[in-house]
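Biologist: I have the sequence and the model open side by side. Pick one part and take me through it closely, then show me what else is worth a look.

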Amino acid sequence: MSTLYHTKTTLQKKVPCRQPIPPMTGFCLSGIRLLRYCLCLIMAAPLNGSGQFSVLEKQLNTSDSVHFNIPREKLFVHYDRAYYNTKDTLWMKGYILAADDYTIADSTGIAYIEIINTANQVVKRTAAPCYWGRFQSALVLTEDDFPQGSYILRAYTNWMRNFGDSLLYEGRFRVINPLSGEWNARINQIQFSGNRVSFTAGLSTNILRPISWKKVTVNIRSKNRSLLRLQTQTDADGKLHIDTLLKSGAGNRNLVIEISDKEDLKLQIPVADDAAAIDLQFLPEGGSLIAGKEQLLGFKALNVYGKGTDVKGVIKNEQGQTVASFSSIHKGMGILRFTPQPGSHYTAFPDGGKPVPLPAVRSSGTLLHAEHSPASDSIRITIDGTPDLRGKKFYFAAFARGLSIAKGRIILSGHASHFNIARNMTPSGITRFTLYDSLMRPVNERILFLWQKDQLQLSVIPHKQLYGEKDSVSLLLSVRTNDGKPVPGSFSLAVIDTSQVKINPQSENILSYMLLSSDLRGYIEDPYYYFQDPAPEAVDALMLTQGWVNYNWQPGNFKFEKEQQFKITGKATNIFNKPFSNTRVTLFGKMGQTGIFLTDTTTNNNGVFTMSDFPYFTTDSVSMVIKGVNKKGKAFNIGVEVNEPVFPAYNPGNAVFEHQNILLDTATLLYVKNQATLRNLIKKNGEYLDEVVIKTNKGIPGSKNLNKNGGSDQMINEKTLAQTPKATLLDVLYKQVKGFRLGSPPKSTRLLYMINTNIVRFIIDGVDLNFFYQPGGGSVNDYQLFLDSYLKYFSAEDVRGIEVMNYPRYNSAYRSQYLSISEQMNSGPARTDFSFVEITTQTGSGPFLRKTPGMYLYKPVVPVITKQFYSPRYASPDEQTAEPDLRTTVYWNPEVVTGEDGNAPVSFYTSESNSGYMIIVQGINLTGGMGVLYQPLQAGKKETAPK
């Protein structure tokens, strides 16, 4: 019989104060954090003979110490909504908390934010400064960088990378372009059985007009193999009907239907046969099916879109006898109790689907069972094994938030070992139970989600019950603990127009992410559901089917440091790669179009230099020139290298499918319909005309051309460049650009690149190459040599396109943008003029070479101070505006700070919508408390009093 020993320990942890808190935050953090756990020692065997586990115990103790004193960080981003129009701004606030107690992680100074498209490419990377575990950022979703589609928002700190990329925060959003000519699809029905495939889809434009009588090409393929290609046509309602046979041997494979117009791919739609359409998996509790032992078996069914789908069926043995039945509880997940027999094989038969083999039954092994109910005050642990393991020694440990809360040694006997762990010992979140064998290998694992309902209690009190159009709103945010005490803290607040975006109150928020999703593998549908009185066994079904996120690292051996501020490090060396000590290194930086900053430093005895204390960055468009000079002030014989950061690659795992366009699910369809309805109402009232978008023929993708519609006198596209991929950029210019030559302007001996009689200025990815030129006082042709270092560095395969602007029609915009006043005055048709060559590279990173003698050109990812949300103010509801006020995000405030009384006032004005709003509040206090609130705000047209 097991004996349970309690020893109460108090652990204290000091948190260093990194820097004074800015006045904007309104509160400070205590320097001492207290964390109390009861440590259980579970003994089912005498203490003698325990030496074989001493190494394991030492490892666990070391892990506890590191997790406690240097905890990993968890990061969550509250962004205002999940659907955006093109050109909208994505507003966000990030929270960085210590994983052990969810207090503010105040020693990190920079957070990185990435936007990833469906091709798994990072289309935007920026950074934000962090103050006391919080940061703010905003991204404008331009049409060029964010075309219509689905995106992933990934955020992390440098310190988080020590624990594996699977722990980095990920959120999802979609961008809709109402004026896009792209197609949308609504899948009404898909069936695939054997070699026969049939489906019905509705094709529409972005304003939901049916694409009627449209001739399209349908191609059904499996990976790179085409199984069917046919021509068909939509009907009057934009419906497309397919019912046909594929080539023989299509087999049981995931397929993709491509719908295209004139060979221009528009849509990719996943389909699958009946077996693959439901991905059904069975996962035994503890990891294995053990013969003769009753245990839980979790299961999960996913459809072709990766969403949970209801399923039911029976389990049969090899003789065809039904031994159990199953039926999903929530989102395709469920649990069944099952006692597998020795030597038997089992198969699941889902209704309407193909058989699914169960995991093999093991004749020897251990079993770890954990159960609890919300009404119980303890967790019941059962450890058992097959007869051949009697007398074997094992070690048990339980972990919560990275710290062990119970551990002890077990000797298996003829009966199962049972013991209880007090529920109040385990904090809210995931608790992991592990059984180790004598070789210190984990043989069973089980996780439980325990919710103590200890969240902060949030409420919002409006100053009146109903608001009209352009009406003044005053709210009072009130935050209390469960026992009613006021709480000071930091909160982010969004007010969303629910006529445009439907808010899902069960979606991810700071509570569900920190306590649940961040510690589980895979995507969790509606995670906040598990905090709101979920269906019986739904939580346990989730625990059995979503594995624990493990992070492997060597305690104390951290590769990535905690970045407290933005800094640049590098090294100065001579031509023999020997370090230049006590050498001056200068940095000349440009922020945006006008901001300029300078700094310098001196290398140490190893030639290493560090630059920090930079000005606040207000834009992520920052370019730098770093230059090393010798004692004579010359750059001769000095090489400068910068330690550029290497950002983590994005590994999407097993993506269910990819598509180029928006495949409309219910939520997306609602958003698009609402946007179309609003636009139609506005146009009907004659108050607004759609923006007229004129597009030329295919231009250079990603070009920063300053001319409207990308006008140029000559364009060299990627197809032409691909004919000579290894040619230098200079060779391409000589060969392809008409009149390109090396010559001297009138009355000058300098050699310059020219096009006919015009001097050439080179613009690479929107950056003027002349910005990086610094006269060295050498040859009169040093400028031409400077240009050569770039034009010979890039090859044709590095370039996406070249545009040439020679004449006033196209070069006038460039003359205003890039020429100095004196250059503009001394140039023109009657004088020496300029030709501008806009070069768009494949990477889009601009004219940044890795190594130039004495100089390093650098485009860093800098922490940007975010702009403020614009909230209009109206003198009266009748005030006229240039355009209708139809904000989707009516109000956004990333820093609502409650005082000692737990209250904070908020005020804003409503828009012209009268369909109601949803207030979303998320945030933290000083001691690890978190809170979430979804609360409607009533709006409607006010009734006038009868005369």
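**A hairpin and beyond**

Modeller: Let's start with β24 and strand β25 (residues 356-357), which pair in the antiparallel sense over two bridges. Strands here are DSSP runs of E with at least two residues, helices are runs of H or I with at least four, and both are numbered from the N terminus; two strands pair if DSSP finds at least two bridges between them. Keep in mind that this is a predicted model, where local features need pLDDT of at least 70, side-chain atom pairs count only at pLDDT 80 or more, and totals for chains, interfaces and linings use all residues. Residues are numbered from 1 along each chain as its sequence is written, and side-chain values use heavy atoms, with hydrogens and water left out.

Back to the hairpin: β24 and β25 have five residues between them, and Gly352 in the turn has a positive phi of about 75 degrees. Thr347 sits opposite Pro357 in β25. On its uncovered face, strand β24 (residues 346-350) shows Thr347 and Phe349, while Tyr346, Ala348 and Pro350 make up the covered one. Strand β24 also pairs with β21 (residues 312-317), antiparallel again, over five bridges. In that pairing, Ile315 stands opposite Ala348.

Further along the chain, there's an open antiparallel sheet of three strands in the order β27-β28-β31. Its edge strands, β27 (366-371) and β31 (417-422), each pair on one side only. Strand β28 (residues 378-385) meets β31 over six antiparallel bridges, with Thr382 partnered by His418 in β31.

Now for helix α8. Eight of its ten residues are buried (under 20% relative accessible area with a 1.4 Å probe, protein chains only; exposed is over 50%, partly exposed in between), so α8 is largely enclosed by the rest of the structure. The buried ones are Asp782, Tyr783, Gln784, Phe786, Leu787, Asp788, Tyr790 and Leu791. They pack against α7 (729-736), β44 (740-743), β45 (752-755), β46 (758-764) and β50 (855-858).

Phe786 has a relative accessible area of 11%, and its ring has a partner. Rings of Phe, Tyr and Trp (its six-membered ring) pair if their centres lie within 6.5 Å; planes under 30 degrees apart count as stacked, over 60 as edge-to-face and the rest as tilted. By this rule the count comes to 45 aromatic pairs. Tyr773 and Phe786 form a tilted one, 5.3 Å centre to centre with 50 degrees between the planes. Tyr773 lies in the loop between β47 (767-768) and α8 (782-791), and Phe786 in α8, so the pair ties together parts that are 13 residues apart in sequence. Elsewhere, ring pairs link Phe449, Trp451, Tyr528, Phe531 and Tyr934 into a cluster.

Helix α9 (residues 808-818) has Tyr810, Asn811, Tyr814, Arg815 and Tyr818 buried. Down the axis of α9 these fall within an arc of 135 degrees, so they line one face of the helix; the arc is that of the directions from the helix axis to the C-beta atoms. Exposed Arg809 and Ser816 are carried on the face turned away.

One caution on confidence: mean pLDDT (the predictor's confidence in each residue, from 0 to 100) is 82 for the chain, and 80% of its residues reach 70 or more. Over residues 43-49 pLDDT stays under 50, and the model has 13 contacts (heavy atoms within 4.5 Å) for them beyond four places in sequence. Where pLDDT is low, the predicted coordinates should not be read in detail.
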